Amino acid sequence: MRCIIIDDEVNAIKALRWEIENYLPELTIVSTFNSAIDALEYLKSHPAPDLVFLDIEMPEMNGFDFINSVPDREFEIVFTTAYSEFALEAIKKEAVDYLLKPIDSEDLRKAVEKLKKRLAPIQKQENITENLKAIKGYNSNESDKVKISFDGKINFMNPEEIVYLMSDGNYSKLYLQDGKEILLTFKLKEMQQELPEKYFFRVHKSYIINVQKISSFYKNENFIVLNEKINIPLARSRKAEFIRKYL
């Protein structure tokens, strides 16, 4: 994980750099700054880091003003300060942690563990996206069309039209990309047999999802997000197979 350090005290930067380089190999320091203003200029022309270690009391621009200057920030914050009275404001800024100087090695390690947990869903999504692209036939063609009977006829549908299916007793509900919901006169098990495995996976006794629609996977909470807004439970019994296939 890439990080930068912002602190007006040179010795504080040196001490934190030493801790990171000797005990936290998962972190890479890409730059350090004695001025928050200089750090802002850097961010305008460089990729955002994963983490910023940020002092609060600094001349010209303090740590909170720095954060307010980046309203759509793409990085996490760990505050490093000698003052405990800013802790409440730090929480409001959704900081990963608040470390008091001199920084304790164990506290620093715990802060990095918190960061890993916070970034886990994002990293899982990156893995999912890359692995889905590698699935044979990721881009559907005519031979991949799905035959589904409803409205008194057989409908030939492209896989990307389907988001997921849900069990409804002896019936199933089909949820489409355009927002339509269709009641099918087939059990979910029967529908599973008709759907191509390279696009569809039964994540739960009540749900079949189109894996192309996955936005995020929350491993600890056991649920999947489709189209960035639809939460689908992942059964524990199907978790290992899902991870093996798509992560």
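**Close-up 1. Leu51 of strand E3 stands opposite Glu76 of strand E4.** In this predicted model, the view takes in the pairing of E3 (residues 51-54) with E4, two strands that run parallel and are joined by 4 bridges. To follow the chain from one to the other, look for helix H3 (residues 63-68): together, E3, H3 and E4 make a β-α-β unit, and this unit is right-handed.

**Close-up 2. Strand E4 also pairs with strand E5.** Here we turn to E5 (residues 97-100), which pairs with E4 over 4 bridges in the parallel sense. A handy landmark is Val78, whose bridge partner in E5 is Asp97. The connection between E4 and E5 goes through helix H4 (residues 87-92), and this β-α-β crossover is right-handed.

**Close-up 3. Strand E4 is covered on both faces.** Side chains in a regular strand alternate between the two faces of the sheet. On one side of E4 sit Glu76, Val78 and Thr80, and on the other Ile77, Phe79 and Thr81; all of them are buried. Because 6 of the 6 residues of E4 (residues 76-81) are buried, the strand is largely enclosed by the rest of the structure.

**Close-up 4. Five strands form an open sheet with antiparallel pairing.** Reading across the sheet, you will meet the strands in the order E10-E9-E8-E12-E11. E10 (181-184) and E11 (200-204) stand at the edges with a single partner strand each, so one side of each has no neighbour in the sheet. On average, neighbouring strands in this sheet are turned by 20 degrees against each other, direction ignored.

**Close-up 5. Strands E8 and E9 run antiparallel within this view.** The two strands are joined by 6 bridges, with E8 spanning residues 162-168. For orientation, find Ile162 and then its bridge partner in E9, Leu176.

**Close-up 6. Tyr171 lies in strand E9.** The strand covers residues 171-176. Is Tyr171 buried, partly exposed or exposed? Its relative accessibility is 41%, which lies between the cut-offs of 20% and 50%, so Tyr171 counts as partly exposed. Setting aside neighbours within four places in sequence, Tyr171 is in contact with Leu183, Leu184, Thr185, Phe186 and Lys187. For a wider sense of place, try locating Ala95 as well: C-alpha to C-alpha, Tyr171 and Ala95 are 47 Å apart in space, with their positions 76 residues apart in sequence.

How values were computed
Residues are numbered from 1 along each chain as its sequence is written. This is a predicted model: local features need pLDDT of at least 70, side-chain atom pairs count only at pLDDT 80 or more; totals for chains, interfaces and linings use all residues. Side-chain values use heavy atoms; hydrogens and water are left out. Buried means under 20% relative accessible area, exposed over 50%, partly exposed in between (1.4 Å probe, protein chains only). Contact means heavy atoms within 4.5 Å. Two strands pair if DSSP finds at least two bridges between them. A crossover is right-handed if, with the strands pointing away from the viewer, the path from the first strand over the helix to the second runs clockwise. Axes are lines fitted to C-alpha atoms, for helices over the stretch in contact, and angles run from 0 to 180 degrees between N-to-C directions.
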